[in-house]
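Reader: Hi! I'm in my first year and still learning to read protein models. Could you take one part of this one and walk me through it slowly, starting with a pair of charged side chains?

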Amino acid sequence: MKRKICSFISALFVTVMMTTACAPVEKQVRPDDPAVEPLASENQNTGNTDGPIKEYFEKQKISAEVNLEGTYPVAACGEKVYFYGGEGFTDELVGCTADLESGTSEYIGQDGIPADQYIFRDDKKYIYTKEENGKWRIYSENLNTGEFIATDSSGWVRYFGTDAAGNIYTFDTDNNILTVYNNKLKQLKTVDINSQIMQMERFVYDICVSDQGKVYFSISDKMNINGVYFLDENDELKSLAEVSDFSENVQNIPRGLFFSKEGDLVLCTGYGDVVITVIDTVSGNITDNYNLTGIGDIFGTNDKYDLIVAAEGGIYGYDKNSDSSELLFSGDNIPRFEDSLRFSYLNGSRIYMSLNSYESGTLYEVNKNTGETVSYKCNDCSSFTVLPDGSVYYILSEHSLQGMEEGYTYETVASKVMRIDNNGTFTELFSLPQYDFEDYPYGMKITGSGDFVISYCDENEKGCILVYDRTGVLKTTVYLNEEDEWSRYLLRSNEKGDIFVTDTLMSVFYSLDQNTYGIHPVDFPAGIDAMTLGNVCDGNSGYDMFFTTEDEVFGWKTDEKTAVRLIGSEYSERFINQAMLISGPEEILFPDGIIMKKSGESKINELNSREIITLVTTEDDYMRSYVEKFNNENSDYFIVIKNYFNTEDCENGISYTDWIKNEDESGECPDIVMTDYSDVSDLLNDGFFTDFKEFLNDDPDYSLSDFYSSVTDAYTYKGCLYTIPAEVTRRSLFSAVPADKWDFKDLMSVEKTRKYMFDPDMSVQLATILLHCYMSDHVDTANKKCNLDTDELADLLDFIKENECSYEEHDLRNSNGELEFVISERDIDSLELYAVVSAKTEYSFSTPYVVGYPSSGENKNELNGKYMFAVPKSSEHKKAAWKFIKTFYKEGSLFEAEPCNAGMSSLRTVDDECFSKAEGTYDKEIIEGYKEFLEKPVYQWDSTAEINEIAYSETHPFFEGDISSEEAAENIQTKVTGYLNSLGQ
C-alpha cells in the first residue's frame, strides 16, 4: 500500500521530536533485582581468601527483562547508569518514488526488490529480476490488471534498456549474454559475446539501447574505462570511441552510459568531480566534454535535462546550454536521503529508489539497584553528560553530504547541545559551529556554574576547547597546544566536578581551572602514560580519576600524586578495553548491559577451592571467551590468563621463550603455553614440552589416528608431539610445477615465477619465507651442522633484491596476526603458480597453490596452525590442561568446516563430514584434489629464532646497499657456525 511521504515521516522518524520537545518516555519493566548471570554455581566448597586468587569480578546483567544487546555504556551517576545504542542503517530497504516535474514523492512497497533489479517500471507495469531457489528469473507484473509473467534468466540480469517498440534488452554480466524480449517476455534474440569480452580481457560496465535497437557498451577493466563499443549487424563488438580518443579530463572510473535528448551517447566517469563526455553515435567523435562537481548518484538523462543527479540537498536537473542546475526534489522530503540512497531507476521524469532503512538510537537509563529502566529515542548522539541532579545532556550530531572533491566524498556535521528533561522531552539549547570538513565534538562536560566545556575544533581544523554559557554564548576558546593543529582532546571529570583534559596526540594530561579556564599540566607518577586516561569515566569512587593499562585499573588522587591498583583483569571474565566504563573501584560497565562487580569472600573461597590452571599467551583478546566458557562449565578447574605482552619483561625486551623459561625457573611455570604466531623452537630444543601422545594414550575420546598424520608429523620434533593445532591452513610449495625436485636455482629460472611472484602485496612475506626456508634447509641445530653454500645464498639474496623484495619495509602480519598472501589483479595470468585457497572464489583449482621456497628434499606442503597449545613438562596440572586443550577439537566448536576453506580442522572426522556435505555443491574434482592435498607430507621449518635473527640482521646491510650479497652470505655463515659451536657449552 502506498502512503504519502509526510505521514510516513511522522510515524517512522522520531528525530523530529527532539526539536519539538514532544518525545515520550518509554517505560520498561521494573524487576525486583538486577539479573545475575553467575559464571559457576556457588557451592559450599571451603577455601580461603589467601589462595592464588585475591580478587574476582563477576559478570552480571544489569537488567533481567530489558535487552541491552548492541548498546554501550556512556555515563554513570550514582545509582543510575546509561547505555546507548541501536542506531544506524539496517539491511532492510525502503522503496520510494519521486516525480521530478511535480516535486511530489511517496513511499511504495519494496517487495524485496532493490531498484537496481528493475528492468522496466512505470505506473502501470514493472519488470524485474529476482533470484529464487538458486536461479535468476525475470518477472513482469501489470499493476492494473494483475497479469503476472515469469521466465528463466541465464544469470543475474544487471544492465537493461528498451527500444521504441517496447522490446526489452537484458544483459547477464556473469555470462556476458545479451537477451532481447518483447513486452510479454517472449525471447526474441540472444547474443553471446563472452568470447569477445574474454579475448579483450575486459568487462562490460554499462549498456544502453537506442530507439532503433542498437546496443552500446562501456567497457572497462573493472576500474578504468577503456572505451565505448557497439554491436554491428553481425553481432560483433566494434569500437566507437577508445579512451585514448577522449579528452585528457576524462576520469578513469566509469559511472554510467546514457542517451542524451539529442540522441548522442553520454558517458559519465569519476566520482565527486564527474566528467561528462558526449559522443556522436555515427562518427565516434567527442562533441562535448564538461565537468560537474559535488555529484553523488547519477540517475541518467531525460527529454528535459542533460543529466539528472543527486547532490547536496536533493535531486537536480542540469541543463548544459544554460549551465544551470534546478532543484527537482528536495532531500528534506526524505530524511537521510543523501546518505541512505542505495539503488535507483529512472524512467522519464520519475525516479524509483531503494533507501536503507534507519534504526533510531535508544538511550537507556537503568537504576542498577532496582532495575528500573527508562528509554529515550534519540539519533546521532554523542558525548553524554549526567549531572549529580540526574539531568542528562548530550550532543546531537547530524551528518549530511557536503560535497565531493577530487573523487573524495566528505560530509559536514551539524551539532547541537541537547537536554533530556525530567518529563522525557528533548530541549535544544544551542548549536555548535558547522565547518566544511568531517569533524565532530569529542566530548562535553558542564562546570559547577553551568558553563558547557566542549572539545571540538576551530574553523582552521585546530583542536581546542570551546566554553559556552548556559544560553549558548561562546565565552572563550582554549588551546592546549598552539603549535600542533591536529590534536584532539578528551574530557573527563569526577564526582567533585573537577574537569581534566587529555591531549590525545601529545599524551599530556591537564586540569582545567573553571574560573579562569586556564590549563595546568598534571604530574603523574613515573611510568604512567596519559593516553591511558582515554578509558576513564566519572564515578563515585573517592579518587580524582581512574586510568587503565591493558589489564589493570588504577585510582589516582591529585594531592597524593599516587596511583593505587584497584582492578586487575587476570582473574576477570572480561579484559579491560576501550568500550568499558568505570563507575567505581568495584564496578565496571561493559557493552550489552553487562556489569562486572567485585565478588565477596564466598566467591573467592569457591574459586580458590578449584585447581588453578595458568595459561600464558600473546593473544589474550580472542582467548578470553574460550577461557570464560571453560570456567563456567567446570567447577573443578579455573584458568587464569597471563598475557606476555602486558608484562614488564616484554616491555624490557625479553623474548616470549626467555620469559617462559624465567617463569619456570622461578617455580611459576605456566600449565599451558599458547604457541600461535610464536617461535618456541628454543624450548623445543630444550625438550621443554610434554609429548601429546601421553595425553592421547590415556584419553577415551581421541587417539593419534583421529588426526591427519601430516599435521601430527609437522608438530613432532625429536620424537615429541608438542602440540596439535585445532585449525590449520595448508599451502603447497611449488606443487603446481611438474618437477620431481626443486632447489633455489629452479626457483629463479622459471620465467613466470620471476615475473609474477613478487607482487608488491606479496613481496615482503615471500622475502621472509625464502630466507626462513633456506636457513631451515641448510642448518641443523639439533646436530649442530651447517651446510650453507655462500655462493648459493648470495644468488638468492640478489634475486630477492632484484625483485624489490625486502622484509624490512612492511609489517608481515595482518590485524589477526596472520601472514598474508595477497593476489592482485595483475596476477591473473600466473594463477597456475598460486591461487587463493578457496573453492568459492572466482579463480579456483583442484589443488590450492602458493609460491614458497622448495625443500631440498621432496616437494612438500607448508602448514600454518591456529589454536595451538603446549604443556610444559613441569606443569602440575597436566590433566586439567589437556581437558581445556581438547575442547578445541570438538566438531564445530571453532568454525564451520567447508572444503577448501583457508581454515580446516586437523581432525579427519570433521573434514570427512564437510566433504560429504559438499558433494553436489562443489565439483568432485575439487573435493578429490583437496583430499589428496591434505595427505601430502608437510614442510617443517626447523631453524631456531636465533638462526633466523642472524639471517635477517646480516642481510639488512645488504638490502640497505652497505655490503655485497657475498659479504652478507659469508657473515651469515660465520655467525651461524659460531652459534652452533656455542650450543651445549
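Author: Sure, and keep in mind that this is a predicted model. Let's begin with Glu55 and Lys598, which form a salt bridge whose closest N and O atoms are 3.8 Å apart. The cut-off for calling something a salt bridge here is 4 Å, so that pair makes the list. Side chains of opposite charge can pair when their charged atoms come close.

Now look at where the two partners sit. Glu55 belongs to the loop between β2 (26-27) and β3 (57-61), while Lys598 is in strand β49 (residues 594-598), so this contact ties together parts that are 543 residues apart in sequence. How buried or exposed is each partner? Glu55 has a relative accessibility of 14% and counts as buried, because the limit for buried is under 20%. Lys598 comes out at 32%, so Lys598 is partly exposed.

Here's another pair to hold up beside that one. Lys368 and Glu587 meet through their side chains in a salt bridge, at 2.5 Å from N to O. Lys368 is in the loop between β30 (362-367) and β31 (373-377), and Glu587 is in strand β48 (residues 587-590), so here the parts being tied together are 219 residues apart in sequence. This time Lys368 and Glu587 are both buried.

You can also find a pair with close sequence numbers: the side chains of Asp421 and Arg419 form a salt bridge, again with 2.5 Å from N to O. Asp421 is buried, its relative accessible area being 17%, whereas Arg419 is partly exposed at 24%. Salt bridges can share partners too, and in this model that joins Glu58, Lys603, Glu606 and Arg610 into one network. If you search the whole structure, you get 26 salt bridges.

Before you go, have a look at a bit of backbone pairing as well. Strands of a sheet pair through backbone hydrogen bonds, either parallel or antiparallel. One open sheet here has 3 strands in the order β44-β45-β46, and the pairing is antiparallel. β44 (545-548) and β46 (562-568) are at the edges with a single partner strand each, so one side of each has no neighbour in the sheet. On average, neighbouring strands of this sheet are turned by 30° against each other, if you ignore direction. Strand β45 (residues 552-557) pairs with β46 over 6 bridges, and you can spot Trp556 standing opposite Ala563 in β46.

How values were computed:
Residues numbered from 1 in each chain as written. Predicted model: local features only at pLDDT ≥ 70, side-chain atom pairs only at ≥ 80, totals over all residues. Heavy atoms only, no water. Pairing = 2+ DSSP bridges. Helix = DSSP H or I, 4+ residues; strand = E, 2+ residues; numbered from the N terminus. Axes fitted to C-alpha atoms, helices over the stretch in contact; angles between N-to-C directions. Buried < 20%, exposed > 50% of the residue type's maximum accessible area, 1.4 Å probe, protein only.
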